[in-house]
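Got your viewer ready? Load the model, and we'll walk through it one selection at a time.

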Amino acid sequence: MSAALPPMHAALSVLGTMAGQYLASQQAQAAQAQQPASSASYQAAQMNATNLCDVCHVKPKYFDGKKTHSYCSKGCASKMQNKSTPSNNPPKRAKSGKASVVQTCDYCHKLPKYNDGTTTHSFCGKTCAQKAKAAGTTSAQAKSVGLKPNALAAMLTVLPFRPVKNGCLLCGNAVKKGHFCGKGCTSKAEKKAPALLEVPQGHDTFKNVTDQFKASWRHQTACPTVRRIYKVIGHPSSISKYEAYRSQVEARGNFVAAGRSAGNENRRWHGTTRECLLGDNGNCNLCTSSSCSLCGILRTSYSLSLFGKKTGWGRFGAGIYTSSTSSKSNDYSNNIKPSKLKAILLNKVVVGKGYKMMQDNTNLTAPPTGYDSVLAEVVTGGSLNYDELVCYTENAIRPSYLVMYDG
């Protein structure tokens, strides 16, 4: 027998089991509604939705007219029999107290519980933690394990991907470079494009983007808290055009030889109008409104044909405007629907050779000859309070991250 678990772990264990049984009950009831009337034994078993199979915990135990068996079918009975047979490759066991026991997820009852190096959590990963949290709990259930409902809910935080620091955004496996572990996950992500993939809190990318947001907040107001970050997955054809343009600029400027990134690529902020609730509560579905600027940018990137339609003008002519100052771009982030969060885009921009300007020139449609962009800088007596970067070529910019923060 294992030693008694701490109250917090015991509470999570009880909640996980209750959540699993509740969802399983709902699935069984839905199946009953769709299943045509059959034998009396099948109907009898379906009526008792809480009498679930000891193996899958999803389907009701099989009733043969006289006896209720421990399993729903021969398949699950066979699985249990295989579990009881010694194996040449026994599952890894985690020590708990004085005895060594197999610790499986309290929700799916299949995979091992996640251990972050310090704590063994009640679930195997993010998916099961979310499902258990979605199932919720009642005040009576919380009281039965000696906790207030709010305290119990607080413990059901979403678990990060494994490994936490630098994992593939699809499968969680370790990544050497980029956001995916290999060609398989990269291909799966690209097939969904345009799409968003949420970056777990605790991931290197979440910290990196958040740190840039905080460090570049220069207005004399408190920097809001970043709540969610999504990686933007663009169409491969769109990314190829961007990379081709970057290569052209690099060939002209030789920025890598000078210790800079290829094409003098930088990350810059852009605020725009959001008509929908994209980004709220994990919502990754782009809306279909043709006037939602945020979804339009995420779907097809930036378009010079839309210049001036929202702001009416530009200090440096008909270009695509970004800034290294997150608080400046925040001024252009607007919600049409009520939301507690605001949205801002962090973009990769091919700066190339930038032409520095301190005074407005609204007639520009391209940078001066020999330059790739305009760098509007803040100087005493100038027209700007905060910097701007303006590019006049659509392929010079692509959205990279959607950042959701307190509004």
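**Stop one: a stacked pair**

Start by selecting Y321, which is buried because its relative accessible area is 17% (buried means under 20%, exposed over 50%, partly exposed in between, with a 1.4 Å probe and protein chains only). A word on what you're looking at: this is a predicted model, where local features need pLDDT of at least 70 and side-chain atom pairs count only at pLDDT 80 or more, while totals for chains, interfaces and linings use all residues. Numbering runs from 1 along each chain as its sequence is written, and side-chain values use heavy atoms, with hydrogens and water left out.

Now add F307, which at 28% relative accessibility counts as partly exposed. How are two aromatic rings described? By the distance of the centres and the angle of the planes. F307 and Y321 are stacked, 6.4 Å centre to centre with 15 degrees between the planes (rings of Phe, Tyr and Trp, the last by its six-membered ring, pair if their centres lie within 6.5 Å; under 30 degrees is stacked, over 60 edge-to-face, the rest tilted). F307 is in the loop between α10 and β7 (320-322) and Y321 in strand β7, so the pair ties together parts 14 residues apart in sequence. Helices (H or I, at least four residues) and strands (E, at least two) are DSSP runs, numbered from the N terminus.

**Stop two: more rings**

The structure holds 5 aromatic pairs. Select F213 and W269: their ring centres are 5.7 Å apart and the planes sit at 80 degrees, so this pair is edge-to-face. F213 belongs to helix α8 (residues 204-215) and W269 to strand β5 (residues 265-270), so the pair links parts 56 residues apart in sequence. Both F213 and W269 are buried. Add W217 and Y405 to see one aromatic cluster with F213 and W269.

Next, pick N330 in helix α11 (residues 326-330). Not counting residues up to four places away in sequence, N330 touches W217, K342, I344 and Y405 (contact means heavy atoms within 4.5 Å).

**Stop three: the core**

Which residues have the most contacts inside the largest nonpolar core? They are L196, L278, L294, C295, L298, L345 and L402, in a core of 30 residues (buried Ala, Val, Leu, Ile, Met, Phe, Trp, Tyr and Cys joined through side-chain atoms within 4.5 Å). β9 gives the most to this core, with 5 residues. A second, separate core of 23 residues includes F213, from the edge-to-face pair.
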